[in-house]
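Colleague: I would love a close look at one part of this protein before I go back to the bench. Could you walk me through it at an easy pace?

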Amino acid sequence: MSDKTMAFNRRSFVKGGIAAASGLALGALAGCGNAPVKSQAEPAAGGSSVALPDSITMADVENSAVELEPITDFAAEETYDIVVVGAGCAGVPAVVTALEEGATVCCLQKESIVSANGAGASCVAHKYSDPAAVARWTSLWAEENLWRFNRELFKYWEERSDETLSWILQKGLAVGVEPNVCLTGESVYLDGLGTVAVCKAIQPGNQVLMEALAAQAEKDGAVFHYSTPAVQLVQDESGAVTGVVGKASDGSYIKVNANKGVILAAGDYMNNESLLNRYNGDVIDWQPDLINHTGDGHILGALAGGRIAPGPHPRQIHSLFSDDRMFLATPILSLDPEGNRFMNEEVVMTDWNTVMKYRYSADMKKHLYRFLDSAVEEKFPGVATVEDVEALVQGTIEGGGERGSGLGVGLATYKGDTLEELLYNMGIDDPQPFLDGIARYNELCASGADTDFGKNPAYMKAVDTPPFYGIINNPETLSANNGGLLVDGHYQVIDAEGNPIPGLFSAGVNGGDVCGGINWHMPAGSSNGHCFNAGRYTVIYALTGGLTPSKPAKFEDVEDMFRDPNGKFMWDKPELISHDIPRW
Ligand SMILES: Cc1cc2nc3c(=O)[nH]c(=O)nc-3n(C[C@H](O)[C@H](O)[C@H](O)COP(=O)(O)OP(=O)(O)OC[C@H]3O[C@@H](n4cnc5c(N)ncnc54)[C@H](O)[C@@H]3O)c2cc1C
């Protein structure tokens, strides 16, 4: 194995950034203003006893920025209406909304900059949707997640999503961030019920958008403390959360009081090995996309009396680093790094990781090798033309391209006039297992039945028409674990009895478990969309006790961005949109 490959495999867990307290007796914490609510003692390393709630272990804390020992010595103390933990896709909209609602607001951010991800965010355009179709569409997503789905939180997003997306688009435009593209192709037409009009805006990047919004918010009076992770929550005698303790890079502490509410929006826990092992152990071998996402918000909330949603949490494992997105949901032949076919290719990209969990070492999870030929248009109508595929090809040696890195980290589309040439161009040094794998598949196609994996015969299309194309896909990057603290219907964190903890809210992937499924089978763009939405509306609720923005955005003001050059939306042409929820 090359050094490069080893580096690629190595998980980058952040270990023990800040020492956790040990040797604290349960009694020593009782009655202390900053002490988290404790429910159970767990023996700590070294034989001493530190009280932790059921859902948290000492290893979780050691892997995070959270500190257990009560902090009483502060270099500064500030007070705001709203305190937000985390400047990401939920946190920044929370800050901007707080300002818009006339509140004072402070954001503690772990990194020295805003840190946000993704690009696409979606909404349901209610003006153009049929309520019965939306209700049915919701049920189809619930079914897609085996009904382990939080309908209340989904509706919380769906009902407000057009206001939120319109709002964020307009806020973005006001700070000079234009979406790259606005799409309506995720819309569906449900026979007998009507249209669900889904709009999706793809930004140049949420990092760009959130940075620009945060910079403007700062000019408008919001206070951001960068490089200042929240390390503890402040609770009063009743257990109400009244503030947050942040740790500055010089090691000093700042106490930030919140008159109206603390919003935990600290993202997920993909870099906290013990949390990941316990709440989403299936994905421990997959390469995390991010760093420093150590579940601090989950731990802070649990220490304040909240609970982490029972696992497993829906994960987003994306095959981002490839150029064949048009084939992600197309059942073309897939082989593993040893040339073996290993799944029914009807499995969509979102679920590749689940299939691969059982048979493969971390090394074997690294790539998929997928094959098609120049009869693609006839074999998979409507997916791509041969010209589309040609446009992706990078690796013909004759064409001046570079040979792929085969079992290494090459991620691209290649071409060959023969299968041998294709495999060479893909960087595969031992072609025989792949030739055997393709031959076996072609044999099954000729027989008309997939006796190996039971794929629908309609998709059994031989790879037999030169020139041939090969795609190297990377299915292994973990983008998010979408399970957070249990919350009520207003994203207020709930305690063991299901009662909301006064003053404590959680938004983004830190709060709730809207999807509930094994993998994130949800409308495209709803991951970012629900983060924006919950960030915005938790603040409105914390400030007003209701869910009505004082300056609601109107879909009418942005809808033209979603029209095609002929002034049409995709839902104007029901024959062109799906009659079922799109799976990818
Ligand atoms: C590469 C990639 C591509 C994606 N593409 C899409 C897409 O196209 N569409 C889509 O819908 N979703 C997409 N997602 C998923 C989506 O980006 C996430 O679900 C979403 O960004 C989560 O937002 P969040 O606010 O909950 O967390 P984050 O955006 O991760 O924000 C959390 C913030 O909290 C900060 N923080 C952490 N701990 C602390 C602490 N102790 N104190 C203070 N601050 C703290 C972090 O630094 C971070 O800035 C993608 C994810 C990745 C990684």
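How many bridges join strand 17 to strand 19, and in which sense do the two run?

Modeller: Happy to, with the reminder that this is a predicted model. Strand 17 (residues 368–373) and strand 19 are joined by six bridges, and the two run antiparallel. To find your way along this pairing, start from Leu372, whose bridge partner in strand 19 is Tyr469.

Strand 19 itself covers residues 468–473, and six of its six residues are buried. That holds for both faces: Phe468, Gly470 and Ile472 lie covered on one side, while Tyr469, Ile471 and Asn473 lie covered on the other. So Tyr469, the partner of Leu372, is buried because it counts, like every residue here, as under 20% relative accessible area.

Strand 19 also pairs with strand 18 (residues 413–416), through four bridges and again in the antiparallel sense. Here a good landmark is Thr413, which stands opposite Ile471 of strand 19. Ile471 is one of the buried residues on the face that also holds Tyr469 and Asn473.

For contrast, let me turn to another sheet. Three strands make up an open, antiparallel sheet in the order 5-9-6. Strand 5 (120–124) and strand 6 (181–183) are at its edges; each has a single partner strand, so one side of each lacks a neighbour in the sheet. On average, neighbouring strands in this sheet are turned by 20° against each other, direction ignored. Strand 5 pairs with strand 9 (residues 198–202) over five bridges, in the antiparallel sense, and Ser122 stands opposite Lys200 of strand 9.

Since you work at the bench, you may ask about cysteines too. The structure holds zero disulfides. For Cys107, the nearest cysteine sulfur is that of Cys106, 7.0 Å away, and Cys107 counts as buried because its relative accessibility is 0%. The sulfur of Cys182 has its closest cysteine sulfur in Cys199, and at 8.2 Å that is too far for a bond. With 15% relative accessibility, Cys182 counts as buried as well.

One last stop is a pair of helices. The axes of helix 4 (residues 91–100) and helix 15 (residues 526–544) come within 7 Å and cross at roughly 35°. Residues of helix 4 in this contact include Pro93 and Thr97, and those of helix 15 include Phe532 and Arg536. By class, the contact has seven nonpolar, two polar and two charged residues.

Conventions:
Residues numbered from 1 in each chain as written. Predicted model: local features only at pLDDT ≥ 70, side-chain atom pairs only at ≥ 80, totals over all residues. Heavy atoms only, no water. Disulfide = S-S within 2.5 Å. Buried < 20%, exposed > 50% of the residue type's maximum accessible area, 1.4 Å probe, protein only. Axes fitted to C-alpha atoms, helices over the stretch in contact; angles between N-to-C directions. Contact = heavy atoms within 4.5 Å. Nonpolar A, V, L, I, M, F, W, Y, C, P; charged D, E, K, R; others polar. Pairing = 2+ DSSP bridges.
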